[in-house]
Amino acid sequence: MIIKEIVVPGYEKVVHGQDSKSGLNAIIAIHNTSLGPALGGTRMWPYQSKEEALTDVLRLAKGMTFKAAAAGLNLGGGKAVIIGNSKLDKNPGLLAAYGKLVQSLQGRYITAEDVGMTQADMDVISQETKSVVGVTGGSGDPSPATAYGVYLGIKAAAEAAYGSDNLTGKTVAVQGLGSVGYHLCQLLHQNGVKLTVTDLDPAKVKRAELEFNALAASPEKILASDCNILAPCALGAVVNQRTLSQLRCDIIAGSANNVLEKPADGMELHQLGILYIPDFVINAGGLINVSEELNGYNAEKAHARIQQIPKSISKIISISQAQKIPTSEAAELMALELLAAATCQGGFRNGS
């Protein structure tokens with residue numbers, strides 16, 4: 001395997017690993033380890049170039065630093081991407097080679113599953129490194145935990161926007177029916193929500209129509225859906241200068257990372273009166289869940305910590321209103337303050 005370091009200002013370490021035998025082509029980015037080792041999932045995606053993959057992994061890694069700080073975890077921010085089609089290019093040799101790449105960082109980066117990866121993949125990777133969570137016998141699939149946190153976050157947003165967290169009769173447009181999106185739909189449907197859904201896989205859309213009485217929308221039109229809440233649960237950068245004018249919602253709250261393409265998009269949402277719940281706060285459930293695995297997994301403790309997400313959201317909304325700034329800026333301010341305070345104290349006490 002060939003491992004080359006990429007120097008990126010503001011990041012502690014970025015490595016590019018390639019293995020010609022297995023076809024591995026991966027980038028791992030460690031943003032900040034002030035509070036502890038960087039923990040973040042591995043995403044497998046058919047990026048068009050190394051540059052595109054690098055841009056994505058850097059954004060994701062930085063987001064993980066804020067996510068861990070906002071959740072009160074003694075963890076840093078990092079992320080990894082494997083360039084390739086997860087359905088066609090993934091093989092045991094590639095996963096083993098990737099495990100060796102993770103191991104080369106000597107515990108500074110801990111991986112977990114993300115888009116295009118599964119719990120079974122983590123099991124294979126764990127044969128080459130101990131720096132992996134979300135394996136069989138551990139915390140397992142983080143998707144239900146992420147979805148639960150997003151669901152609680154949506155209720156908190158509804159409370160702020162409508163004066164009640166009762167979602168009955170509200171319309172939620174869910175973009176992406178992967179593991180998290182599907183579990184979120186389940187929770188919303190059980191609570192009387194009217195669903196509009198989309199996914200690149202027609203079979204997933206049909207399943208949601210049958211199971212949740214959901215209304216199908218094309219991927220190109222989901223952002224323009226007339227809804228109370230838009231829940232992006234696929235890839236990021238969906239709110240941008242091309243899509244802002246299409247939005248017909250009161251709230252944006254979903255599991256996707258880096259929903260805003262640029263920071264300025266947060267200001268435009270603020271000016272439009274659309275309440276945006278920052279992704280790295282609302283989608284922290286999965287990180288919280290797998291982080292418990294590091295000290296001996298306790299499902300009840302993880303569940304209780306996830307239930308604190310609405311408190312963070314309420315604080316962000318309060319900061320936004322008091323300082324008349326977008327919630328995206330308020331969330332970063334809160335995370336940076338927590339990061340600075342915890343760094344001075346040598347970490348969060350008892351993980352909080």
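In which loop is the place of Gln106? In this predicted model, Gln106 is found in the loop between α2 (92-103) and β7 (109-110), and its relative accessibility of 73% counts it as exposed. Although Gln106 is not a glycine, its phi is positive, at about 55°. Most residues other than glycine have a negative phi. A positive phi, here of about 50°, is likewise found at Asn258, which is not a glycine either. Asn258 belongs to the loop between β12 (251-252) and α7 (263-272), and with a relative accessible area of 15% it is buried, because buried means under 20%. The two loop residues can thus be set side by side: Gln106 is exposed, whereas Asn258 is buried.

Helix α7 also holds Pro263, whose relative accessible area of 72% makes this proline exposed. Along the sequence Pro263 and Pro326 are separated by 63 residues, while in space their C-alpha atoms are 9.6 Å apart.

Attention now turns to the packing of helices. Helix α5 (residues 179-190) packs with helix α6 (residues 202-212) at an angle of about 20°, and their axes are 11 Å apart. Because of this angle, α5 is roughly parallel to α6, and the crossing of the two helices is right-handed. On the side of α5, the residues that meet α6 are Tyr182, Cys185, Gln186 and His189, and their partners in α6 are Arg207, Glu211 and Phe212. Sorted by class, the residues of this contact comprise three nonpolar, two polar and two charged.

A further pair is formed by α4 (residues 143-162) and helix α11 (residues 309-323), whose axes come within 9 Å and cross at roughly 40°. The crossing of α4 and α11 is right-handed. Helix α4 contributes Gly149, Leu152, Gly153, Ala156 and Ala160 to the contact, and α11 contributes Ile309, Pro310, Ile313 and Ile317. In this contact of α4 with α11, seven residues are nonpolar and two are polar, with no charged residues.

The nonpolar interior was examined next. The largest nonpolar core has 62 residues, and those with the most contacts inside it are Val174, Leu184, Leu188, Leu195 and Val197. To this core helix α4 gives the most, with 10 residues. A second core, separate from this one, has 22 residues, among them Ala80, Ala97, Met117 and Val135.

Leu195, one of the residues with the most contacts inside the largest core, can be followed in detail. When its neighbours within four places in sequence are left aside, Leu195 is in contact with Val172, Val174, Cys185, Leu188, His189, Phe212, Ala214 and Leu215. Among these partners, Cys185 and His189 are also residues of α5 that meet α6, and Phe212 is a residue of α6 that meets α5.

Leu177 lies in the loop between β8 (171-175) and α5, and this leucine is buried, with a relative accessible area of 5%. Apart from neighbours within four places in sequence, the contacts of Leu177 are with Tyr182, Cys185, Val197, Thr198, Asp199, Lys204, Val205 and Ala208. Tyr182 and Cys185 again appear among the residues that α5 brings to its contact with α6. The C-alpha atom of Leu177 is separated by 31 Å from that of Val15, a residue 162 places away along the chain.

Note on methods
Residues numbered from 1 in each chain as written. Predicted model: local features only at pLDDT ≥ 70, side-chain atom pairs only at ≥ 80, totals over all residues. Heavy atoms only, no water. Axes fitted to C-alpha atoms, helices over the stretch in contact; angles between N-to-C directions. Helix = DSSP H or I, 4+ residues; strand = E, 2+ residues; numbered from the N terminus. Parallel < 35°, antiparallel > 145°, perpendicular 65-115°, else oblique. Left-handed = near helix turned anticlockwise from the far one by under 90°. Contact = heavy atoms within 4.5 Å. Nonpolar A, V, L, I, M, F, W, Y, C, P; charged D, E, K, R; others polar. Core = buried A, V, L, I, M, F, W, Y, C linked by side-chain atoms within 4.5 Å. Buried < 20%, exposed > 50% of the residue type's maximum accessible area, 1.4 Å probe, protein only.
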